Amino acid sequence: MFLKRIALLEEEIPSFGRYPFSIPSIKNLKKLNLENPVTFFVGENGSGKSTLLEAIADRCDFNTAGGGRNNTYDVYASESVLGKHIRLSWLPKVTNGFFLRAESFYSFATHLEEVDESGFKDYGGRSLHEQSHGESFLSLFLNRFKGQAIYLLDEPEAALSPARQLTFLRIIHDLVSEGNVQFIIATHSPILLGYPNAEILSFDEGEISPIDYEKTDHYQITRYFLENRKRFLSDLLSEE
């Protein structure tokens, strides 16, 4: 384990009425302990999970638009306000890793086109722009992810089919089995959330708290839909 604790520096926050400090889960953060090599952040849109993940990336000195410490490029609104107001506690401290931000991955791929001189050896030997969106994500996971590192992933399922989400679970398993990596993943995917023995932290209900896989909305809604598709859609689409 590397990142052990995230603390909100309350005394340095100018106002809890301003975004992102007005988000209930952030306002009530206090201290968050991490005790698992794989941690998932879950919650509705706007619940604060991606905001906190970006802040962690900022404190790790990763590019908050996506990338590692050595990936320097500009993307509009990539600065993390929250990152200046949290403290990370490490044991031991690691500096290697990567922040994947699905929504700006195209900009990261373009950045590589401009600076890569190694023939994309860290990305399967092909330009990410010459691969499909899903292929480029897997190329990143298979080739860039290695060694002692922390990986912060914001909705990695965005480009992955269900079958490739299962492939990604195997990649996580293989890396974790080596015992020298940590994953923190913000996701809506019930497939990824099913990773064995991971800790799932919910950002709903105004605080960050552990939740069992089967109690997440992601699991319950998906299961109900699959088991009751016709009735679910009839109720959803019926005219009142």
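User: How many salt bridges does the count come to?

Analyst: Heads-up: this is a predicted model, where local features need pLDDT of at least 70, side-chain atom pairs count only at pLDDT 80 or more, and totals for chains, interfaces and linings use all residues. Residues are numbered from 1 along each chain as its sequence is written, and side-chain values use heavy atoms, leaving out hydrogens and water. A salt bridge here is a side-chain nitrogen of Lys or Arg within 4 Å of a carboxyl oxygen of Asp or Glu. By that rule, the count is four.

User: Which residue forms a salt bridge with R101, and is that partner buried or exposed?

Analyst: The partner is E54, with the closest N and O atoms 2.6 Å apart. R101 lies in strand 5 (residues 97-101) and E54 in helix 2 (residues 49-59), so the pair ties together parts 47 residues apart in sequence; helices (H or I, at least four residues) and strands (E, at least two) are DSSP runs, numbered from the N terminus. Accessibility goes by relative accessible area: buried is under 20%, exposed over 50%, partly exposed in between (1.4 Å probe, protein chains only). R101 has 15% and counts as buried, and at 11% E54 is buried.

User: What is the N to O distance between the side chains of E10 and K30?

Analyst: E10 sits in the loop between strand 1 (3-8) and helix 1 (24-27), while K30 is in the loop between helix 1 and strand 2 (31-33), 20 residues apart. E10 is partly exposed at 31%, and K30 is partly exposed at 45%. Their side chains meet in a salt bridge, N to O, at 2.9 Å.

User: Where do R170 and D174 lie?

Analyst: These two side chains form a salt bridge at 2.9 Å, N to O. R170 is exposed at 53%, whereas D174 is partly exposed at 35%. They're four residues apart, about one turn, and both lie in helix 5 (residues 162-177).

User: What is omega for the cis peptide bond that joins L91 and P92?

Analyst: Most peptide bonds are trans, so a cis one deserves a look. P92 is found in the loop between strand 4 (86-90) and strand 5. For the cis bond from L91 to P92, omega is about -10°.

User: What is the phi of D61?

Analyst: Most residues other than glycine have a negative phi. D61 is in the loop between helix 2 and strand 4 and is partly exposed at 47%. Though not a glycine, D61 has a positive phi of about 65°.
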